[in-house]
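Thanks for sharing this one with me. I have jotted down a few points that may help as you look through the model.

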Amino acid sequence: MSPFTVPVPLTQRPAWSSLQTESANLQATTLRDLFAADPSRVDQLTFEACGVVADLSKHRVTAGTITDLVALAEQSGLRAHIDAMFAGEHINTSEDRAVLHVALRAPSDDIITTDGANVVPGVHEVLDRMATFANAIRSGAFKGHTGQSISAVVNIGIGGSDLGPVMAYEALRFYSDRRLTMRFVSNVDATDFVEATHDLDPERTLFIISSKTFTTLETMTNAHSARQWLLDSIGDEAAIARHFVAVSTNAEEVAKFGIDTDNMFGFWDWVGGRYSMDSAIGLSTMIAIGPDNFESMLAGFHDMDEHFRTTPFERNLPVLMGLLAVWYRNFFGCQTIAVLPYSQYLKRFPAYLQQLTMESNGKHVTLEGVDVDVDTGAVYWGEPGTNGQHSFYQLLHQGTTMVPVDFIGFAKTNNPLGDHHDILMSNVFAQAQALAFGRSAAEIESEGVPASVVPHKVMPGNRPSTVLLSDLLTPYRLGSLIALYEHNVFTQGAIWGIDSFDQWGVELGKKLAQAIIPQLTSTIDPALDHDASTNSLITRYRDMKRQ
Ligand code: F6P
């Protein structure tokens, strides 16, 4: 039995039935009514953590709903879950592992133990090695095989070994050393590698092979192609040592690949792939923005960790956001949540969040291995504003599906240019306003719109959103925003009683692909023993390839 078994099943907890009543009431009312009824609503439902202000007033809740959601968190043992994570207990029960990404950003004098050992000194040892290496690349002191400094860094990884690094690089590009070209290769489609390297000088290129396991098919295939690309140009095996470093937990596989383990930056099995961007997996980020900015990013993560760990649930931002996600998923049937950053620098943030949220909470059984009796993780998706406004927002405003939205905006910009930033941010406020309050038929009629067109113009409103507003996108702010979502995801998983830290669902496809690869590469027609559809597709593929 899981250490977190809560004696009362989720749907039988007292707060669950209160929330059912509450949701029935709220489905019969509108945000317009809620705002009209309570002038203090915005004050009551605006929260702040680590410089991130969250306006939750445009959610379909009352102060009473928040009280009931907090009660649900308490009745679900959220406090025990949080304490267990920070105490290094093996809360990833199906893999029997601790979940300690919070240790990756702990100050050096913190003590965080798992399996009887304090992990913090090891974390700082790796951070120090990363900083020495990053500084040597940035200063030009590190030389490639032919004595030239490094001008391009290519991170090869996939999933958590790619999405965090590429998102952080894009987000913090303003702070990056522009003399360095940073590239990211993830897809096993050779196009990714070829396009990322076509204009690079092998003598000035460093590859970072990032893989927790160092066995991932896509990453290893790309890593071998990178090796060949380098050798094709430099022609000397000894060059590998000056142009390849590895980030992994698997020293044995790193050595097998031919990378000297002195050129390896390690991390630990208690760091999940999707929670690893501030481990050595962030080496490319550190090279791009420098160790000081990286440290500042870690401070942002850490401050949000502390907020999550210590703040009462009723003012705890990640907890409140997680509870709202449960509220819409289970009491309003919402299947998706849109994350809409109004910052071009955050263009990869939704993609990063997709792995964080969906690989974590896309689960169908509880920690005890029994079917969950409610829906779990929503689909997260999004695009930066204002681009999305000219594409899919139509459905958000007038479609038949309710999609809760997280808007993310900043008061200041790193790139002040005319009125751009005020125009950008006016759209955040306007979109949240339009979603919440809409436009009624009467209001549209009063503008003299023909009766036949009125229904088409009605904006139903009553569509919930969070507005996250902070001063400026800095390394610190990025760290605090990511940690906010990490703990939001944690909260949802704890309520549902699922394992947010395993990902067994990705295994079957990998295994099946391994069986199919030789059937595609074989020169003689293989005997196929799959289902009829797969057999037919493989046969057609082989035929088309031959023509
Ligand atoms: O297949 C999913 C996954 O295991 C992710 O959880 C992980 O981030 C990714 O693959 C990459 O794994 P690795 O870092 O071991 O190459």
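The notes below take up one arginine, one helix pair and one strand pair.

1. A word first on the source: this is a predicted model, so please read each point below as a description of a prediction.

2. Do have a look at Arg274, which sits in the loop between strand S9 (264-266) and helix H12 (283-289). Arg274 counts as buried because its relative accessibility is 3%, and the cut-off for buried is under 20%.

3. What does the side chain of Arg274 reach at 2.9 Å? One partner is the backbone oxygen of Asp502. The side chain of Glu359 also makes a polar contact with that of Arg274, at 2.9 Å. Beyond its neighbours within four places in sequence, Arg274 is in contact with residues including Gly160, Tyr352, Gln355, Leu356, Lys363, Ser500 and Phe501.

4. Next, the helix pair. Helix H6 (residues 120-139) packs with helix H13 (residues 291-310) at an angle of about 145°, and their axes are 10 Å apart. From H6, Leu127, Met130, Ala131, Ala134 and Asn135 meet Pro291, Phe294 and Leu298 of H13. Sorted by class, this contact has 7 nonpolar residues, 1 polar and no charged ones.

5. Finally, the strands. S5 (residues 152-156) pairs with S6 (residues 181-185) in the parallel sense, over 5 bridges. One of the bridges joins Ala152 to Thr181 in S6. Between S5 and S6 the chain passes through helix H7 (residues 163-171), giving a right-handed β-α-β crossover.

Terms used:
Residues are numbered from 1 along each chain as its sequence is written. This is a predicted model: local features need pLDDT of at least 70, side-chain atom pairs count only at pLDDT 80 or more; totals for chains, interfaces and linings use all residues. Side-chain values use heavy atoms; hydrogens and water are left out. Helices (H or I, at least four residues) and strands (E, at least two) are DSSP runs, numbered from the N terminus. Buried means under 20% relative accessible area, exposed over 50%, partly exposed in between (1.4 Å probe, protein chains only). A polar contact is a pair of N or O atoms within 3.5 Å; within protein, one must be able to donate a hydrogen and the other to accept it, and residues adjacent in sequence count only if both atoms are side-chain atoms. Contact means heavy atoms within 4.5 Å. Axes are lines fitted to C-alpha atoms, for helices over the stretch in contact, and angles run from 0 to 180 degrees between N-to-C directions. Ala, Val, Leu, Ile, Met, Phe, Trp, Tyr, Cys and Pro count as nonpolar, Asp, Glu, Lys and Arg as charged, and the others, Gly among them, as polar. Two strands pair if DSSP finds at least two bridges between them. A crossover is right-handed if, with the strands pointing away from the viewer, the path from the first strand over the helix to the second runs clockwise.
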